[in-house]
Structure formats: C-alpha cells, structure tokens
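Visitor: I'm new to this one and don't want the whole tour in a rush. Could you settle on one part and take me through it closely, then show me how the rest fits around it?

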Amino acid sequence: MNNKTKKTVAVIGLGYVGLPLALLASKKGYKVYGIDISEEKINLINKKESPFVDDKVSKTLKKSTMEASTDFTLCREADILVICVPTPVYDNHMPNLEPVEGACRGIAPFIKRGQLVILESTVNPGVSEDVVLPILEKESGLKAGEDFYLAHCPERINPGDKKWDVENISRVVGSLEKNGLRIAVAFYKSLITGEVKPMGSLKEAEAVKVVENSFRDINIAFVNELAMSFSKLGIDVVSVIKGSSSKPFAFMPHYPGCGVGGHCIPVDPYYLIEYAKVKDFDHDFLSLARRINNHMPKFTVDQAVRGLNEKKIPVKGTKVALLGLAYKAEIDDCRESPAFKIKKLLEGYGAKVETFDPFVPEESSARSFDEALKGSKAAVIATGHKLFREMKPSLLLKHKVEVLIDGRNCLPKEDFIKSGLIYKGIGR
Ligand SMILES: NC(=O)c1ccc[n+]([C@@H]2O[C@H](COP(=O)([O-])OP(=O)(O)OC[C@H]3O[C@@H](n4cnc5c(N)ncnc54)[C@H](O)[C@@H]3O)[C@@H](O)[C@H]2O)c1
C-alpha cells in the first residue's frame, strides 16, 4: 500500500496492545478510529493521556490524529478492523472469550463487503473460525472469505521493552483464504519494519502465539523447579544458569522468580490445554509447568517465614514490606501479578503486609518506599523495579529490617549478607 491508497483502520480495544497499534497506524498515514467500551479510557485518550504507563505511547499520543470513541458505528467507515480485546481466563482457568465475542458482536452489524477483519488477541487454535467467524457472518449476513476477509495476526508486544516494540517486532499472519492473507500481509508490511511471515492457515497463526508463550512458561517452570531444588542443595541457581549460558549453542537462559504474572504467560497456556482437552488430548507437560509456576508465591512466602524464624521473629503480627505489585519491572500492569498471592499468603500467616509500588500508587498501602520499610521486620521484593534493584543494605538497616526476600534475584546477595541481614533469593 502506498500513501495514495492509505485506508481507514478501526482498532477495537485500546489497551497495551490496541493503543500502540492504533498510534502506529495513524503515524503511518492511515485514518484511525480507536474504539473501546471503556468511557474512562476513551476520555483519557481523547485528552491525549495514556491510560497506562508507557513513555513511547504517551509521547506518540500527544502528536496523533487518531480519534477514540465508544461508538461502534464508526466501523462502517473502516477498510480494516483490528480486534485487540483481552483474552483472560476464569478463576477455574477456563478461557474467557466474552470480550472477543462482545467485540465481534459490536462490529458485526457494520461489516461491509471488501472489509478485512483481523483478530490480534491471543487465542487457541480454532477461535477465529469457530467463534469469531460465525458471529460476524450471522450478524452481518455476509460470507467470510467471499464478502469480507478474516485474518489472525497475534500481537507479540512486550510492554516496557526499550528495544522491541510494535513497530519492529516481526509478525505472523494467517487467513481464511489467500486474498485475505495478501491484504493482511500488505497491511502489516506497511506498518512494521520487522518480517511479516504468512502462515498456512488461521489455526497455524493462532498456534504460533500460544506455543511461544507456553515455551516461555515451561522454561521458567524448569528454572523455578531448579531454584526450589537447589535451595535445598545449597547451590546458587543463578550462578549455574549463567554458567550454562556460556555454552554457545543449545541453551537459552531463563531465570527463576516469585511467580509468573501478566496477561499472557500465565494465561495463554490454559487456552491450549483446555482446547486440546476438548479434542481428547491432555497437555501434561504444560499443565505441570503451570502448577510449578503457580506455586512460586507460596515458595517465596515460605522463604520469608524461614528467614523470620532464623531471627526468632514470629510471622503473626509482624509487619512485612511487600515491594512491587506490578507483574514486571518499570510497568504498572498488575494482571495476574504474583505480588497479590504473596500478600494473601503472608496475611494468612497473620503478617501485617504494607505494600509499595511506585508505578501503582493507587494499589499501594504505603505512600513511599520509606513508609513501607518503617517498622517492617522483613521485606519481600515481588517486582524488580529499578528503585528496588538499587536498594542498599544501609536502607534496610536504617529501618531495622532483618530479613530480605529477593523474589526477583535482583540484588547483590553478598552485600546484604555481609551487612548482617538474612538474605534469601529464589534458589540463591
Ligand atoms: N499485554 C501484553 O503484553 C500483550 C502482549 C501480546 C499479546 N497480548 C494479547 O492482546 C490482547 C489484548 O491484551 P491487552 O493487554 O491489550 O488488554 P487490555 O486489557 O490492556 O486492553 C483491552 C482493551 O479492550 C477493551 N475491551 C474489552 N472488551 C471490549 C469489547 N467488547 N469491545 C471493545 N473493547 C473492549 C478494554 O476496555 C481494554 O481497554 C489479549 O489477547 C492479550 O493476550 C497482550
């Protein structure tokens, strides 16, 4: 597509995935409508304020001509509709496709001939054809693959990543038929500098994303298991992983931690697990990885209890500073964050938990780092924010904190041990 043929794009769902994409399309010359069901989000975006912490998004939004609205009728004007709504799981880990179904019902009445609908949300193989397509066809009265096109291009964005963003991360695209594939590939090629790889089908493209995130979940589960084992064997797992990384081929380092959070890694494997179950296949390996990673908040809290025991301090009634609520460093996203499980478990033991996260002040009980540490006997790092990574033993000593649980293995342990503190990492 060249500038003369630049078209109108509607992005449905303006979160961590949809907003950067909408801003990129606008930057590349498309007329862009951003559509969301959250009035609050739309108001913020129209005031040029990012609804989440992201420097790049904040800067681009200021200059963007993109229009944001809750009005789905705008979809009528679009040539390309991109669905970027959440795909969470219910408490029992079953996939929750309500947002995808809702978005499809929202756009379906406005679908017209020649339009391309792209699903970017992460889903298990089969959702585009078995869930999205029937809703779009039924409500529009049009036929997918003949009257309008259907494609899937799973988003790979990594919020907070300074190097890889929506513009340079490569993509895979699958479609119902070859015309839709051609248009969808051309669309992404017009947006990004990374490779755009056509896949053989919608299902293949859907599978690519769940495989990527399951790969990560499994590898993290492996090192988490090593961390729990090595803590009993008296071996520093981080040193070992660094040692293994010196092999120039066939080893990819992953690091243990107090739990896997975010909207993707601890969620997406369940989409595959549950879908395969319906087709009479049990993903034992993936299920075990999920169980191991879900156990890490408990392991972390056990470390804190042990540390306090060593100092003969009862957990019950003791103030514990929980440092970090976001699921990873330098962002404000708390979805599936292990910090909340750690908090609940500590409170279950009777600890008085004070939380502090500079990126999530609205969820923090303390207003400052110092306030969180004041009167605490133990501190548990749940997020490796720079503020916590740069912490010196003297700060803990000043506040008479005696036990430090480094849930992200982000501090130089020797310095803390030397200063007389009990330091326990995750496997180190
Ligand atoms: N967050 C990530 O790092 C990331 C990375 C890659 C892929 N993904 C995938 O991308 C998808 C979106 O994730 P996200 O993190 O951007 O979610 P998000 O919660 O940040 O944003 C989703 C937006 O969709 C809106 N929405 C919900 N239902 C809607 C509907 N029926 N119609 C219109 N808007 C609706 C919400 O109000 C919200 O603003 C998910 O499938 C996720 O797995 C996320």
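Guide: Let's start with the two domains: the C-alpha centres of domain 1 and domain 2 lie 37 Å apart. Keep in mind that you're looking at a predicted model. According to the domain assignment, domain 1 covers 3–199 and domain 2 covers 286–425 of the protein chain. Where they meet, five residues of domain 1 are in contact with seven residues of domain 2. On the domain 1 side of that meeting place, you'll find four nonpolar residues, one polar residue and no charged ones.

Now for the close look, and I'd pick the sheet of eight strands. Reading across this open sheet, the order is E3-E2-E1-E4-E5-E6-E7-E8, and the pairing is mixed. What does "pairing" rest on? Strands of a sheet pair through backbone hydrogen bonds, and they can do it either parallel or antiparallel. At the edges sit strand E3 (67–69) and strand E8 (196–198), each with a partner on one side only. Going from one strand to the next, the twist averages 25°.

Zoom in on the middle of that order for a moment. Strand E4 (residues 80–83) and strand E5 (residues 116–119) are partners in the parallel sense, joined over four bridges. If you'd like a spot to put your finger on, find Leu-81, which stands opposite Val-117 in E5. Then look for helix H1 (residues 18–27), which packs on the sheet and touches strand E1 (8–12), strand E2 (31–35) and E4. The direction of H1 makes about 165° with that of E2.

There's a ligand to look at as well. How many residues surround the ligand? There are 28 of them, and the closest are Gly-13, Gly-15, Val-17, Gly-102 and Ser-121. Helix H4 (residues 98–107) gives the most to this shell, supplying four residues. By type, the shell divides into 14 nonpolar, 10 polar and four charged residues.

For contrast, hop over to the other sheet. Five strands make up this open sheet, in the order E10-E9-E11-E12-E13, and here the pairing is parallel. Strand E10 (352–356) and strand E13 (422–425) are its edges, each pairing on one side only. Ignoring direction, neighbouring strands of this sheet are turned by 15° against each other on average. Strand E9 (residues 319–323) pairs with E10 in the parallel sense over five bridges, and Lys-319 stands opposite Lys-352 in E10. Helix H10 (residues 284–310) lies across E9, strand E11 (378–381), strand E12 (403–406) and E13, running at about 160° to E12.

Finally, step back and take in the whole protein chain. Its secondary structure comes to 15 helices and 13 strands. The radius of gyration is 24 Å, close to the 22 Å that the globule rule gives for 428 residues, so the chain is as compact as a globular protein of that length. Along its principal axes, the C-alpha trace spans about 70 × 50 × 40 Å.

Key. Residues are numbered from 1 along each chain as its sequence is written. This is a predicted model: local features need pLDDT of at least 70, side-chain atom pairs count only at pLDDT 80 or more; totals for chains, interfaces and linings use all residues. A residue is near a molecule or strand if its C-beta atom, placed from the backbone, lies within 6 Å of it. Helices (H or I, at least four residues) and strands (E, at least two) are DSSP runs, numbered from the N terminus. Ala, Val, Leu, Ile, Met, Phe, Trp, Tyr, Cys and Pro count as nonpolar, Asp, Glu, Lys and Arg as charged, and the others, Gly among them, as polar. Two strands pair if DSSP finds at least two bridges between them. Axes are lines fitted to C-alpha atoms, for helices over the stretch in contact, and angles run from 0 to 180 degrees between N-to-C directions. Two residues are in contact if their C-beta atoms, placed from the backbone, lie within 7 Å. Domain bounds come from an automatic or database domain assignment. The radius of gyration is taken over C-alpha atoms; the globule rule is 2.2 Å times the number of residues to the power 0.38.
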